[in-house]
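I opened this structure to look up its cysteines and the places where its chains meet. My notes follow in the order in which I made them.

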Amino acid sequence: MRKTLKNLFSFLAVFTLMFAIGTEVMAAKKSKTLKNTLKKGFVRCGVSQGLPGFSNADASGNWTGVDVDVCRAVAAAALGDANKVKFTPLSAKERFTALTSGEIDILSRNTTWTLSRDADIGLTFVGVNFYDGQGFMVRKSSGITSTSQFKNGITACTNIGTTTELNMRDFFTSKGISYEPVAFEKADEVVAAYDAGRCDTYTTDKSGLAAQRTKMKNPDEHIVLPETISKEPLGPVVRQGDSVWEDLVRWSLNVMIEAEEYGITSSNADSMKTSDNPQIKRLVGSEGELGAAFGLDNEWSLRIIKQVGNYGESYKRNIADTGILPDRGPNQLWTKGGILYVPPAR
Amino acid sequence: MKRNKILPQLITIFFIILVFGFFTINAQINMENRGIEFGFGFLKQEASFDIQFSLIEYDGSHSYARAYLVGLLNTLLVAFIGIILSTILGIVVGIARLSPNYLIKKTATFYVEFFRNIPLLLQIFFWYFAALRALPLPQDANLLLGSSFMTIKGLYTPAPLWENFDVFLISLFFSLILIFFVYRYAKKRQEEEGKQLPKFLISLCIFIGIPLLTFFAGGFGLSFTFPELKQLATTSYTYNGGMGIPPELTALTIALTLYTATFIAENVRAGIQGIGKGQKEAAASIGLTTSQILKLVIMPQALRIIIPPTTNQYLNLTKNSSLAAAIAYPDLVLVFAGTAMMQTGRAIEIVAITMATYLSISLAISLFMNWYNKRIAIKEK
Amino acid sequence: MQKFNFLKPDNNNLTLFLSLGTIFFILSIIDFSLNNFLDKNITSFLPRYLNFFTPLVFGLIGLHFIRIEFSGIKKLDILNKNINTNNFNATLSLFIIFLLIFSIPPLLSWFILDANLSGNTKEACTGSGACWVYIKVWFNRFMYGMYPNAEQWRINISFATVLVFSAFGFFMPTKYRKYLTLYYTIFLPIISFFLIYYLISGGSFGLEWVETGAWGGLSLTFIVSFFCLIFCFPIGMMLALGRRSNLPTIKYSSLGFIEFWRGVPLITVLFMSAVMFPMFLPDGIYMDKLIRVIIAITLFEAAYVAEVIRGGLQALPRGQYDAAKSLGMGYWKLHLLVILPQALKLVIPGIANTFLALVKDTPLIFVVGLLELAGMLNLAKTNPEWLGFSMEGYVFAAIIFWIICYSMSRYSQNLELKYKTDR
């Protein structure tokens, strides 16, 4: 009897010890990225080199845009202050390498979610913050009003190494039109070439077309053709292998969208703490223990809504009010005719 | 003594293995963590992107390996044209630098000093973004030489259309063989009788005459397709037919030629000046004219001094053609280490292949130069 | 041919031919200038093709008349011997004169006469010439990149210090000459490293930290070239010595290293450092992009410097080696105290040339995202407020680079002359 008890006791002791060590190891392994971020005190965010509406720096170095707001949301949730973000402008060539090598922790750079990028190069897409499609831009004076008027021999400018290049080829081949592709590395060079007349049309995501048009000499001279030739779901990307960080970024974005669904804005978030709707209470942190899943306190979602705003506020501030794309198109809540439908935060 | 020799070598080998091993192990760990595999299988995958200018048949349904070939051929094309043009320009400017004519000498000096001291990248930018962008749109272009158009979309010239191209090649080959025999005969005659045959004129006649005869006899046919303005939309036009040379290629070639020609001109000048004055004076004393002295006495000796650094310049030109990545010319670096790398994400394999290609080209040129040096080395008795 | 003899000028009718020739020559210049600037044609009665060539024909006739051998007038003789020796030379000279007339006035008007110099905003650019206001407004950015304006004195001080220390080697008292090698290969790199780390980058001693992404403009060009050159001295020296060693492993590995870096273009080296290099580092360790680029360029240039130093080592007479060995010096003492100081003095022109090539190659780093002068130009060119001024930017950058490179090449030519007579 004594022996069995002793055995049981030692077994329990060993088990507890192993459990403790195991959870310690697991917790340490749980999110190296989150631990490093907390230690450093800022979120390392990779953005574009200047795309109005998505990620653009003004003369004093402040970054604004919907992509920027995703990173700020993560900073608000994890570090308590949405301004604790370090932005690294990246070209299309180095964006993925910067992420896989550890230079940045989130890539929020209007990147299209495709199978090969998700499965083949060690990255994970965590959501879509802008549903877009690829389109063409032409000069009004050319008289072209639809892509069906494209003729053989047309010259099309775009960026190299993007899904745009591949989609352009698919489009022209399916229509049987022979075209001449001119592809530059930097978006500014593409715009300059198109503006000077080197190319007849400029193609990229429609949001990019709208944004770049504001940077041209005479924005009113150009129109975006109505046809959309591909699906371009743009969203943030993180490294494969760190699931807690992945979930944190994913749910920061989801919280922003769901907050708009329930009518919570940055100004009324505090007053919503006493609302009748339990889901609203969960979103503002007065009910439930959702933050513990990431190792954060309960106010993580409240901070996101208060400091960055909900999805609608972010869109309005960056894209609608600046005149780039006043019409939200598919980027509207599912309850209002769009396709923004996120899983519930509960 | 022996220990002195072995120990440093062992240390070196150990150090090299340490460094390489460190890198390889890290790379392997990193790739495993990310789930990326190392392998060259991606070369067989479909490329899915089109290339603007290619010398061989290519479209998006071909493999990455073929895209690599297209890029390589484009690089070699620019290098080839650049080498020929810069050599001609370099020789002319080099000789001009030594001319007694004050104006010519000063102009040549100005050219060399100006183009040598501005970075090549800036020159390429200037030619592409400033000069060639200022060209007119196709519909406003002026007629050059009766049938060519310089437009912002490119240089459109008539393209030759061959019938029975192989007959033309055979006639060319035949004329070359005839020229070879003419030279042998001329040399024999000079050694035996001391009389000179106007070799150059005769060979030129043969080179042009025989293909011309075959042409008139109907052996092959040559016609030209001319570029015609075609309207794509109310304000955009393009040219159909003929040959279109993209402005990227033109800008790159012009910039490379002007830049490299300055170095070749300096080499030529150093070579000619390196020939002792005695040679010139002796040649003048037997009654040769200036151009004869240059052609028969100076240049053959000067070539010995000129060729090694000039071969180095050819190599530099080939390496500098990689700057095409900054403008949109689809050479090896832009197509393979640019587009292909961005689409497949396989950085290590692609950069390694690109560097290996350039390394082979430069090794080939170095080997050629070593062989040439050994052949022309003055064997001192 | 005798019929045309009366046209050949000779000493007898000196004044006649001289005046005729001058008249024709001046006529051709006037014709060309009128054609060019005022679109007037004094020979419009001739068919179109001939019209084009009349200035040339007039000029040729004029120069032909002036071509009097041994006329006795000194200036005329010099002119004839230089420009006018035969018809071919005369044609070329005429072409050059016409080219000058054709190009200089428009250039002058674009550069200076119609240009705008005063003002601070875009509205000041009213003339049809160059708008130098654009350069004035962006000048700080072109020079220092995004470095905060208040901290730019740090960069200036660093450069001044490095220059002083580099030049100090020339004026070293003879007693310390033998330490020249040690000075250049160990002392100078260490000082440069500290300068970059503490002064330019900041972060301690109360200096504000400026991240490397903000460094840019011409100062970045110089930082990269200067510090790369200083750091690649030790490596280049090792490689040169290794190449000349008798031990096969060392010789062949140095040879392989040198040939590898000399055979690849700089742009692929930069790609390698930006995209491939992070894969070779252990997980979690991340190296700043500028450091990676500096390492890559250093290794690249070390191969070229090694070749230059090897040339210097080869030029030293064997007597030096023998004498030093007979004094009982070992390999390292022999090289550090006797051979290398002399070899370094010999190759200084070559090093200056390598430095020049390096300065001309640094604009390339803009393809990996570091905004030195060419990158800053592109940034300024596409700023929505200042569209359309790309030409001024390119001209400005060209002038700056030209001044720097030309003065350096002149300086190295002077050095070469000085050292030639020295031996």
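**Entry 1. Cysteines without a bond**

I started with C:Cys228 and looked for a partner for its sulfur. The closest cysteine sulfur belongs to C:Cys232 and is 7.2 Å away, which is too far for a bond. The cut-off I used for a disulfide is 2.5 Å between the sulfur atoms. I then looked from the other side: for C:Cys232 the closest cysteine sulfur is the one in C:Cys228, again at 7.2 Å and too far for a bond. I noted that this is a predicted model, so the distances here are computed ones.

Are these two residues buried or exposed? C:Cys228 is buried, with a relative accessible area of 0%. C:Cys232 is buried too, and its relative accessible area is 0%.

**Entry 2. Cysteines with a bond**

Next I searched the whole structure for disulfides, and the search gave two over all chains. One of them joins A:Cys45 and A:Cys71, with 1.8 Å between the sulfur atoms. The torsion about this S-S bond is about 65 degrees, so I wrote the disulfide down as right-handed. A:Cys45 sits in strand E1 (residues 43-47) of chain A and A:Cys71 in helix H3 (residues 66-79) of chain A, so the bond ties together parts that are 26 residues apart in sequence. I found both A:Cys45 and A:Cys71 to be buried.

The other disulfide I looked up is between A:Cys157 and A:Cys199, at 1.6 Å from S to S. It links distant parts of the chain, 42 residues apart: A:Cys157 is in strand E8 of chain A, and A:Cys199 is in the loop between H7 and strand E10 (201-205) of chain A. A:Cys157 and A:Cys199 are both buried.

How do the bonded cysteines of chain A pair when numbered in sequence order? I get 1-2, 3-4.

**Entry 3. Chain C against chain B**

I moved on to where the chains touch. I counted 51 residues of chain C in contact with 50 residues of chain B. The size of an interface is often given as the accessible area lost when the parts come together. For chain C and chain B that area is about 4600 Å², and 73% of it is on carbon and sulfur atoms. I looked for the three residues that supply the most of what chain C buries against chain B; they are C:Met279, C:Phe280 and C:Lys360, with 14% of that area.

How many salt bridges cross between chain C and chain B? The rule finds zero. For polar contacts I counted nine residue pairs between chain C and chain B, with both residues at pLDDT 80 or more.

I then listed the elements of chain C that give two or more residues to the side touching chain B, among them helix H4 (87-113), helix H9 (248-263) and helix H15 (390-422). H15(C) gives the most, with ten residues. By class, I sorted this side of chain C into 36 nonpolar, ten polar and five charged residues.

**Entry 4. Chain A against chain B**

I did the same lookup for chain A. Here 38 residues of chain A are in contact with 43 residues of chain B. The area buried between chain A and chain B is about 3200 Å², with 52% given by carbon and sulfur atoms.

Which residue of chain A forms a salt bridge with B:Lys153? The partner is A:Asp200, and the closest N and O atoms are 2.7 Å apart. In total the rule finds four salt bridges across the interface of chain A and chain B. I also counted six residue pairs in polar contact between these chains, both residues at pLDDT 80 or more.

On the side of chain A that touches chain B, the elements giving two or more residues are strand E8 (154-159), helix H6 (163-175), strand E9 (179-184) and helix H7 (187-196). E9(A) gives the most, with six residues. I sorted this side of chain A into 14 nonpolar, 13 polar and eleven charged residues.

**Entry 5. Backbone angles**

Last, I looked at positive phi values in residues other than glycine. A:Asn110 has a positive phi of about 35 degrees. A:Asn110 lies in strand E5 (residues 106-112) of chain A, and at 16% relative accessibility I count A:Asn110 as buried. For B:Ser48 I read a positive phi near 65 degrees. B:Ser48 is in the loop between helix H1 (2-34) and helix H2 (64-96) of chain B.

Key: Residues are numbered from 1 along each chain as its sequence is written. Chains are lettered from A and ligands numbered from 1 in the order in which they are written. This is a predicted model: local features need pLDDT of at least 70, side-chain atom pairs count only at pLDDT 80 or more; totals for chains, interfaces and linings use all residues. Side-chain values use heavy atoms; hydrogens and water are left out. Contact means heavy atoms within 4.5 Å. Buried area is the accessible area (1.4 Å probe) that two parts lose on being put together, summed over both. A salt bridge is a side-chain nitrogen of Lys or Arg within 4 Å of a carboxyl oxygen of Asp or Glu. A polar contact is a pair of N or O atoms within 3.5 Å; within protein, one must be able to donate a hydrogen and the other to accept it, and residues adjacent in sequence count only if both atoms are side-chain atoms. Helices (H or I, at least four residues) and strands (E, at least two) are DSSP runs, numbered from the N terminus. Ala, Val, Leu, Ile, Met, Phe, Trp, Tyr, Cys and Pro count as nonpolar, Asp, Glu, Lys and Arg as charged, and the others, Gly among them, as polar. Buried means under 20% relative accessible area, exposed over 50%, partly exposed in between (1.4 Å probe, protein chains only).
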